[in-house]
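Hello,

Here is the structure I promised to pass on. Please have it open while you read, and my notes follow below.

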Amino acid sequence: MAKIKKERQNYTNIPTSSMSDIAFLLLLFFMVSTVFVQEKQFWVEREAWPLAESIERIPRNHTTTIYVMRDETILIDDIPTRIDTEEDVFVSDTLIKKRNDDPDLVVCFRTHRETKYGAMSDVMRQLQAANTLLVAFETQRRQQ
Amino acid sequence: MKIGRKRKSKAEIPTASMSDIAFLLIIFFMATTKFDVKEGIRMVLPQAAPDDAQKTETITLTEKEMTRIQITPTGLIAINNDAPADIDTRRLDAIISQKLNENGEMIFRVITDRDAKYNDMIRVVDRLKAANVEKISLSTN
């Protein structure tokens, strides 16, 4: 009599022993690539920035952010100031210190789109006085 | 008499839940991370004029070399000596490309009124950058 062999069932197991390695690799990637925002608050929300098409990415390494609010209040390092008079040199003094620390400093403006240009012009004059000439006007990307 | 061998109990730290912990941490980082990508229009400001007025040199430029784009407080745009008008993006592009055809090295001077909106200045500078204009001057009146 022929012997009927029982078919062996092949169990397929996905190896999960390296799962924790993968998870920790991902975790390390996120921990290393995360750059913490230095400002305590977004004083001018992204929705209030102007729209533009021809914009480029600005590496965060050498940047500092100046917020110019709608009421012409200027914030550097979360310290509010106003440039009402020619003698107000707070902005230029702060920027001179920053530029001494980093000669490739790029000053990024986060300005409310409804702000009067006069306030921006005053800040830029202070930047020139501080010899901080690289600037970037942060904008939202307009879909082409 | 049978002498029983003492069984050594091995102490092991259970690592089965390690991946769960790691994934929990990842999800926490992914959920709390807010990407703050900096994007915008880059420019280089001119150096401040020296205090000594004698050091500055005045250069007179003609309309063939420089185009003045004036922005009024109401957002109207005046090109050179033209009257301010409501110029849309397409028309602005056409004017810029026409000026560049006349002179590839054309300097564009954007004169924004102090009471004009910042948004209007960005709109003009954006169109100039889109046309690959390199010589842009920002000023106010």
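To begin with one residue: which residues does A:Gln140 touch, not counting those up to four places away in sequence? The list is A:Arg46, A:Glu47, A:Trp49, A:Pro50, A:Leu51, A:Ala52, A:Ile55 and A:Arg113, where contact means heavy atoms within 4.5 Å. A:Gln140 lies in strand β8 of chain A; helices (H or I, at least four residues) and strands (E, at least two) are DSSP runs, numbered from the N terminus. At 19% relative accessibility, A:Gln140 counts as buried. On that scale, buried means under 20% relative accessible area, exposed over 50%, and partly exposed in between (1.4 Å probe, protein chains only).

Before the rest, a word on what you are looking at. This is a predicted model, in which local features need pLDDT of at least 70 and side-chain atom pairs count only at pLDDT 80 or more, while totals for chains, interfaces and linings use all residues. Residues are numbered from 1 along each chain as its sequence is written, chains are lettered from A and ligands numbered from 1 in the order in which they are written, and side-chain values use heavy atoms, with hydrogens and water left out.

Chain A on its own

Chain A has three helices and eight strands, and from the N terminus on they run α-β-β-β-β-β-α-β-α-β-β. Of the 144 residues in chain A, 44% are buried. Taking contacts in chain A between residues at least 6 apart in sequence, 74% join residues at least 24 apart. As for helix α2 (residues 90-101) of chain A, one of its residues is A:Asn100, which is exposed, with a relative accessible area of 58%. From A:Asn100 to A:Thr132 the distance is 10.0 Å, C-alpha to C-alpha, and the two are 32 residues apart in sequence.

Where the two chains meet

The interface takes in 55 residues of chain A, in contact with 40 residues of chain B. Between them the two chains bury about 4,400 Å², 61% of it on carbon and sulfur atoms; buried area is the accessible area (1.4 Å probe) that two parts lose on being put together, summed over both. In chain A, the residues that lose the most area to chain B are A:Phe30, A:Tyr117 and A:Phe137, together 16% of what that side buries.

A:Phe137 also stands opposite B:Ile41 in β1(B). That fits into a strand pairing: β7(A) and strand β1 (residues 39-44) of chain B pair in the antiparallel sense over five bridges, given that two strands pair if DSSP finds at least two bridges between them.

There are 21 residue pairs in polar contact between chain A and chain B (both at pLDDT 80 or more). A polar contact is a pair of N or O atoms within 3.5 Å; within protein, one must be able to donate a hydrogen and the other to accept it, and residues adjacent in sequence count only if both atoms are side-chain atoms. The elements that give two or more residues to the side of chain A that touches chain B include α1 (19-33), β3 (63-68) and β6 (106-111) of chain A. The largest share of that side, ten residues, comes from α3(A).

Salt bridges

Over all chains the structure holds twelve salt bridges, each one a side-chain nitrogen of Lys or Arg within 4 Å of a carboxyl oxygen of Asp or Glu. Six salt bridges are found across the interface of chain A and chain B. One joins B:Glu39 to A:Arg141, with the closest N and O atoms 3.1 Å apart.

A:Asp122 has partners in both chains. Within chain A, the side chains of A:Asp122 and A:Arg125 meet in a salt bridge (3.5 Å, N to O); these residues are three apart in helix α3 of chain A, so about one helical turn separates them. A:Asp122 is buried at 12% relative accessibility, whereas A:Arg125 is partly exposed at 37%. From chain B, B:Arg114 forms a salt bridge with A:Asp122, the closest N and O atoms being 3.0 Å apart. B:Arg114 lies in the loop between β4 (107-112) and α3 (118-130) of chain B, so this pair joins two chains.

Last comes A:Glu53, which forms a salt bridge with A:Arg142, the closest N and O atoms being 4.0 Å apart. A:Glu53 is in the loop between β1 and β2 of chain A and A:Arg142 in the segment after β8 (140-141), 89 residues apart. Both belong to a network of salt bridges with B:Asp93, B:Asp126 and B:Arg127.

Best wishes
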